[in-house]
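Here is a friendly walk through one protein model and the two ligands that come with it. Have a look at the sequence and the 3D view first, then read on.

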Amino acid sequence: MSMIASFYNGKSILITGATGFMGKVLMEKLFRTSPDLKVIYILVRPKAGQTTQQRVFQILNSKLFEKVKEVCPNVHEKIRAVYADLNQNDFAISKEDMQELLSCTNIVFHCAATVRFDDHLRHAVQLNVTATQQLLLMASQMPKLEAFIHISTAFSNCNLTHIDEVIYPCPVEPKQIIDSMEWLDDAIIDEITPKLIGDRPNTYTYTKALGEMVVQQESGNMNIAIIRPSIVGATWQEPFPGWVDNLNGPSGLIIAAGKGFLRSIRATPMAVADLIPVDTVVNLTLAVGWYTAVHRPKSTLIYHCTSGNLNPCNWGKMGFQVLATFEKVPLERAFRRPNADFTTNTITSQYWNAVSHRAPAIIYDFYLRLTGRKPRMTKVMNRLLRNVSMLEYFVNRSWEWSTHNTEMLMSELSPEDQRVFNFDVRQLNWLEYIENYVLGVKKYLLKEDMAGIPEAKQHLKRLRNIHYLFNTALFLIAWRLLIARSQMARNVWFFIVSFCYKFLSYFRASSTLKV
Ligand SMILES: CCCCCCCCCCCCCCCCCCCCCCCC(=O)SCCNC(=O)CCNC(=O)[C@H](O)C(C)(C)COP(=O)(O)OP(=O)(O)OC[C@H]1O[C@@H](n2cnc3c(N)ncnc32)[C@H](O)[C@@H]1OP(=O)(O)O
Ligand SMILES: NC(=O)C1=CN([C@@H]2O[C@H](COP(=O)(O)OP(=O)(O)OC[C@H]3O[C@@H](n4cnc5c(N)ncnc54)[C@H](OP(=O)(O)O)[C@@H]3O)[C@@H](O)[C@H]2O)C=CC1
């Protein structure tokens, strides 16, 4: 019997961010491996016209939870959706709910965050720093609390190249930042944001670093641990390979590439692509929850959940495998044939953006106008290129994360726990994982039917013919313009034509002689 699984049985667990990518996989695994847990409280806000209950209902009835229903048929009764908005004071939780949470919770998993790179500093601080502080305050009033697990990111210190499992302080104290956000207006915040984030690329990584400082400062005598995953990707094994449901990280780029919108990127092919499957992160998180509660380490331990130092893969290999999978399993209704040119040079990248991205969009919009439709491709392309430029920082650098605590924890697990809560990324076969990732993007994210593959392949053949036709026409027009203007070009042209004529005459004569 798994020690970790039995540890969670009978427990009341509080999860923030349970409606997010990682939160859903965390809940799924908990219910599947510890079906006798007491209750999972999740802090949920209404969203997109759905009440909190409707959101939970939708999650529990999704494909991800199919296996859970077999092992835990009463899963609906074991999940308690608590109305909460982490942007509000006391999270806008009702008094009764708060009372129940404070008196019953044994373990807290804090996953909620804003992961947008371009979020306004005020909002990013509110969610990634202030809400973390408030949640810690709540946790400190929980008499039955055994462990508080905070999910951070391996990129919270991406301004460094070698990162240890320690907290690196930011120059300005989080408390000062929180206070200043209350009285500074947006214009001033915009002005000071670049100075505050310093050599970090965005408000996300900066506020996640501040969040870690808050955890350290407010830990009191609670058992706390911090997990730092790198770029979280689709599931590797559980509950089935390739599950993914949002566009963050590489998923959005995989779609953009598969649909032929994005055909080149400023990326370093040899740079380490530090991807980590979401089920690996969840397994480590549950193991850390158990270890922190049972072994009560004296200080707050930080666990890097990364792949680069144990089983490195690079962006070049990843891009190649993504394309190879699209050869076999193309996406439907592609705009152009998929391609992946990686360039490290800014000028070359701008050239490809003009030729490979903007020009086809303009031509397509022209065609839409001609056929009486509203042009839209240029707008889509500009937005895509803006979003891609935000990711470029991460695909042109390599980082080294030490993983002593993660490896120590692995060695502490029984063979059964190492199997059930496997986070040993050395066993990951990248080519297989990427292929499943691409298939998962097609099936679970785009909801495309596998029966449509022959039609998708046919469509790509048509696109290839259009491409050849277009290039031939372009060449002929360019050549015609050139020979109209240059004597030299005319001489070359007559030389080629007479050479071809002589060659053909000789060929015909020699074949006649043979007969
Ligand atoms: C040559 C081609 C190369 C490709 C080859 C194949 C690819 C494989 C090789 C890959 C090479 C490159 C891979 C790059 C990987 C990048 C790594 C990223 C590094 C992460 C490091 C940090 C890790 C973390 O800790 S954080 C988690 C990651 N966070 C993110 O990824 C956030 C990034 N996203 C954003 O910041 C924003 O979403 C942004 C700026 C990209 C988009 O903002 P924008 O304002 O343009 O859009 P929205 O208005 O927000 O949305 C428009 C529309 O889309 C819907 N939507 C947005 N996000 C999501 C989502 N995550 N899931 C689902 N839907 C989403 C949104 O609802 C809107 O829909 P509407 O219907 O219009 O409302
Ligand atoms: N994805 C990645 O590549 C990585 C993620 N991480 C970290 O992992 C954690 C989980 O990330 P991930 O699952 O990918 O992120 P998602 O964006 O998928 O999920 C974020 C979660 O936070 C919730 N949330 C956001 N704002 C509020 C609010 N005001 N009130 C209540 N809930 C709110 C969201 O709820 P709602 O559904 O209502 O919006 C959602 O459940 C984060 O801490 C992130 O920093 C770390 C490294 C990489």
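## Around ligand 1

Let's start with ligand 1, in what is a predicted model. Its shell holds 29 residues, and those that come nearest are Arg-116, Phe-117, Tyr-204, Gly-249 and Arg-383; a residue is in the shell if one of its heavy atoms lies within 4 Å of the ligand. By type, the shell splits into 17 nonpolar, seven polar and five charged residues. Here Ala, Val, Leu, Ile, Met, Phe, Trp, Tyr, Cys and Pro count as nonpolar, Asp, Glu, Lys and Arg as charged, and the others, Gly among them, as polar.

Which side chains make polar contacts with oxygen atoms of ligand 1? A polar contact is a pair of N or O atoms within 3.5 Å; within protein, one must be able to donate a hydrogen and the other to accept it, and residues adjacent in sequence count only if both atoms are side-chain atoms. Arg-116 has a side-chain N or O atom 2.5 Å from a ligand oxygen, Thr-153 has one at 2.9 Å, and Asn-387 has a polar side-chain atom at 3.3 Å. On its own, ligand 1 exposes 1,500 Å², and the protein buries 74% of that (areas use the Shrake-Rupley method with a 1.4 Å probe; for residues, only the protein chains shown count as cover).

Four elements each give two or more residues to this shell: α11 (250–258), β9 (264–266), α13 (315–328) and α15 (377–391). The biggest giver is α15, with five residues. Helices (H or I, at least four residues) and strands (E, at least two) are DSSP runs numbered from the N terminus.

## Around ligand 2

Ligand 2 has 26 residues around it, and Thr-19, Arg-45, Lys-47, Arg-55 and Tyr-204 come nearest. The side chain of Tyr-204 puts an N or O atom 2.6 Å from an oxygen of ligand 2, and Thr-19 does so at 2.7 Å. Asn-87 has a polar side-chain atom 3.3 Å from a ligand nitrogen. Alone, ligand 2 has 890 Å² of accessible area, of which the protein covers 91%.

This shell takes at least two residues from each of α2 (21–33) and α10. It divides into 13 nonpolar, eight polar and five charged residues.

## Strand β2

How many residues of β2 (residues 39–44) are buried? Six of the six are, so the strand is largely enclosed by the rest of the structure; buried means under 20% relative accessible area, exposed over 50% and partly exposed in between, with a 1.4 Å probe and protein chains only. Val-39, Tyr-41 and Leu-43 point one way, while Ile-40, Ile-42 and Val-44 point the other. In a regular strand, side chains alternate between the two faces of the sheet.

Strand β1 (residues 12–16) pairs with β2 in the parallel sense, over five bridges (pairing takes at least two DSSP bridges). Within that pairing, Leu-14 has Tyr-41 as its bridge partner.

## The whole chain

The protein chain has 20 helices and 13 strands. Of its 515 residues, 52% count as buried. Its C-alpha atoms fill a box of roughly 100 × 55 × 45 Å along the principal axes.

## How to read this

Residues are numbered from 1 along each chain as its sequence is written, while chains are lettered from A and ligands numbered from 1 in the order in which they are written. Local features need pLDDT of at least 70, side-chain atom pairs count only at pLDDT 80 or more, and totals for chains, interfaces and linings use all residues, while side-chain values use heavy atoms, leaving out hydrogens and water.
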